[in-house]
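Me: I would like to learn how to read salt bridges and helices in a model. Can we take them in turn?

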2 protein chains.
Amino acid sequence: MNAPERVDAPWSREEFEARLRAGATSYHIHHPFHVMMAEGKLTKAQLQGWVANRFLYQIAIPVKDAAILSNCPDREIRREWIQRILDHDGCNVGGVHDEGGIEAWIRLGEAVGLTREDVTSLRLVSPAARFAVDAYVNFARRQPWQEAVASSLTELFAPHIHQQRLDTWPQMYPWVKPEGLQYFRNRLTQARRDVQHGLAFTLDWFSRSRELQERALEILRFKLDVLWALADAIMLQQCEMEIRGPKA
Amino acid sequence: MNAPERVDAPWSREEFEARLRAGATSYHIHHPFHVMMAEGKLTKAQLQGWVANRFLYQIAIPVKDAAILSNCPDREIRREWIQRILDHDGCNVGGVHDEGGIEAWIRLGEAVGLTREDVTSLRLVSPAARFAVDAYVNFARRQPWQEAVASSLTELFAPHIHQQRLDTWPQMYPWVKPEGLQYFRNRLTQARRDVQHGLAFTLDWFSRSRELQERALEILRFKLDVLWALADAIMLQQCEMEIRGPKA
């Protein structure tokens with residue numbers, strides 16, 4: 001007879017949440033390009049490059065969310081989740097008229113001196129940025145919808161980086177038209193609401209076993225890698241870099 | 001009435017082929033990491049990192065080729081194209097026994113001092129390398145098979161880089177076991193045969209209009225970007241880099 005397999009008990013809900021939140025240390029807020037951004041060290045062209053590349057991520061979000069809807073047979077989940085698509089694409093539903101996050105990002109582009117067409121044509125987007133963003137969309141298309149929900153949890157860390165931009169840009173980049181920052185203000189509220197739903201679901205669904213909890217951490221790591229690789233792509237496109245030697 | 005649209009005549013077969021071959025100037029042989037490799041400037045760990053990351057590309061090739069088969073209703077094409085899968089996966093068909101290119105790459109890994117498990121576990125692979133390679137596989141899955149055939153045409157430039165490694169490694173990296181170089185030797189022959197088939201097909205299929213010819217150039221550019229982004233990912237994983245300033 002084989003020895004029984006060792007089965008670890010699931011972490012408590014609190015322990016599991018703490019482990020998810022520990023992903024903050026790998027969030028792209030620590031990426032050299034984002035550190036430069038927060039320190040006011042980017043040139044106008046570099047900040048424009050970031051806005052233009054990052055637009056690809058913005059337009060991928062509702063496509064990713066639609067993939068989740070299309071894989072999800074649970075109407076209650078869909079009724080919550082669809083709000084994310086409305087937030088990004090904008091809507092004209094009942095009495096509510098919302099231009100949406102994608103439009104707000106285009107206005108951010110205009111506020112940093114790009115034209116609408118510079119942004120929407122995607123002509124400034126680096127190929128590697130595309131590969132990173134596509135990896136996220138393809139993950140949502142191909143993996144179970146519960147995993148795609150968990151992959152959204154980098155939202156846990158997003159209010160911090162949005163707040164940082166609101167705090168630093170007016171001093172660091174006074175030439176950016178202030179109305180362009182509306183996207184970040186909107187997301188402070190929206191991301192906090194989204195993450196409550198996504199986090200509660202993830203804590204429930206993946207706490208059915210330790211193995212699932214570990215899978216959720218792996219998924220969050222993947223998503224952190226997507227954001228980091230996107231920042232790498234923008235850095236390589238926008239900065240002269242020198243190879244100093246082998247990695248220590 | 002609208003003015004008639006201007007329709008450019010297709011380039012001649014020779015002109016179209018010359019434009020495809022001009023992609024050589026963007027081939028990853030010119031990437032800083034590959035230049036360092038050819039100049040003998042990589043450390044053992046860096047060369048190992050390249051072999052380990054690039055293994056992901058090696059195992060993606062037959063998956064990409066199977067996607068082409070699965071999208072292609074033309075038996076004659078499939079009968080030619082399947083040879084690529086046999087070459088990479090190896091085969092035991094009739095009297096022919098071939099270990100295949102993936103096995104040869106694992107032996108290259110052993111020749112540079114990695115274990116088989118280091119290579120096959122993919123644990124050394126950078127996330128951004130994965131995003132670039134997956135972009136190629138997803139392209140072959142989702143686009144028409146004729147476009148996926150055209151995307152293989154970076155093979156036009158491969159014999160040069162394989163020959164370069166065969167020429168330089170014995171002097172530059174004398175610690176690499178010589179039998180590890182068999183992969184490059186095999187590909188010198190295989191890539192030349194493959195490219196004859198892929199190139200002839202592309203010249204025929206895409207020469208039906210100038211628009212299609214331009215699409216083929218765009219596809220080849222995409223594939224060159226995949227290889228360049230893969231090299232970027234390996235460089236960022238393996239090298240200490242310093243931001244010197246904004247891109248000129």
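Reply: Start with the term. A salt bridge is a side-chain nitrogen of Lys or Arg within 4 Å of a carboxyl oxygen of Asp or Glu. Side chains of opposite charge can pair when their charged atoms come close. Keep in mind that this model is predicted. Here A:Arg244 forms a salt bridge with B:Glu242, with 2.3 Å between the closest N and O atoms. This pair crosses between chains, from strand β3 of chain A to strand β3 of chain B.

Me: Are A:Arg244 and B:Glu242 buried or exposed?

Reply: A:Arg244 is exposed, at 53% relative accessible area. B:Glu242 is partly exposed, at 30%.

Me: How many salt bridges does a search of the whole structure find?

Reply: The search finds 36 over all chains. One of them joins B:Asp204 and B:Arg13, at 2.5 Å from N to O. This pair links distant parts of the chain: B:Asp204 sits in helix α10 of chain B and B:Arg13 in helix α1, 191 residues apart. B:Asp204 is partly exposed at 49%, and B:Arg13 is partly exposed at 37%.

Me: What does a salt bridge within one helix look like?

Reply: First the geometry. An α-helix has 3.6 residues a turn, so residues three or four places apart point the same way. Now the case. A:Glu17 and A:Arg21 both lie in helix α1 of chain A, four residues apart, about one turn of the helix. Their side chains meet in a salt bridge of 2.9 Å, N to O. A:Glu17 is partly exposed at 23% relative accessibility. A:Arg21 is also partly exposed, at 40%.

Me: Which residues are linked in a network of salt bridges?

Reply: A:Glu99, A:Glu103, A:Arg107, A:Glu110 and A:Arg116 are linked in such a network.

Me: Now helix shape. How should I read the length of helix α10 of chain A?

Reply: Compare its span with the expected one. Helix α10 of chain A has 25 residues, 182-206, and reaches 35 Å from its first C-alpha to its last. That is close to the 36 Å expected at 1.5 Å a residue.

Me: Where does α10(A) bend?

Reply: The bend is at A:Leu188, by about 30°.

Me: And a buried polar residue?

Reply: Take B:Thr202, in helix α10 of chain B. B:Thr202 counts as buried because its relative accessible area is 0%, and the cut-off for buried is under 20%. A polar atom of the B:Thr202 side chain lies 2.8 Å from the backbone oxygen of B:Gly198. Leaving out residues up to four places away in sequence, B:Thr202 touches residues including B:Phe16, B:Leu20, B:Val149 and B:Leu153.

Note on methods: Residues numbered from 1 in each chain as written. Chains lettered and ligands numbered in written order. Predicted model: local features only at pLDDT ≥ 70, side-chain atom pairs only at ≥ 80, totals over all residues. Heavy atoms only, no water. Helix = DSSP H or I, 4+ residues; strand = E, 2+ residues; numbered from the N terminus. Expected span 1.5 Å × (residues − 1). Bend = angle between axes of the 7 residues up to and from the residue. Buried < 20%, exposed > 50% of the residue type's maximum accessible area, 1.4 Å probe, protein only. Polar contact = N/O pair within 3.5 Å; in protein donor to acceptor, adjacent residues only side chain to side chain. Contact = heavy atoms within 4.5 Å.
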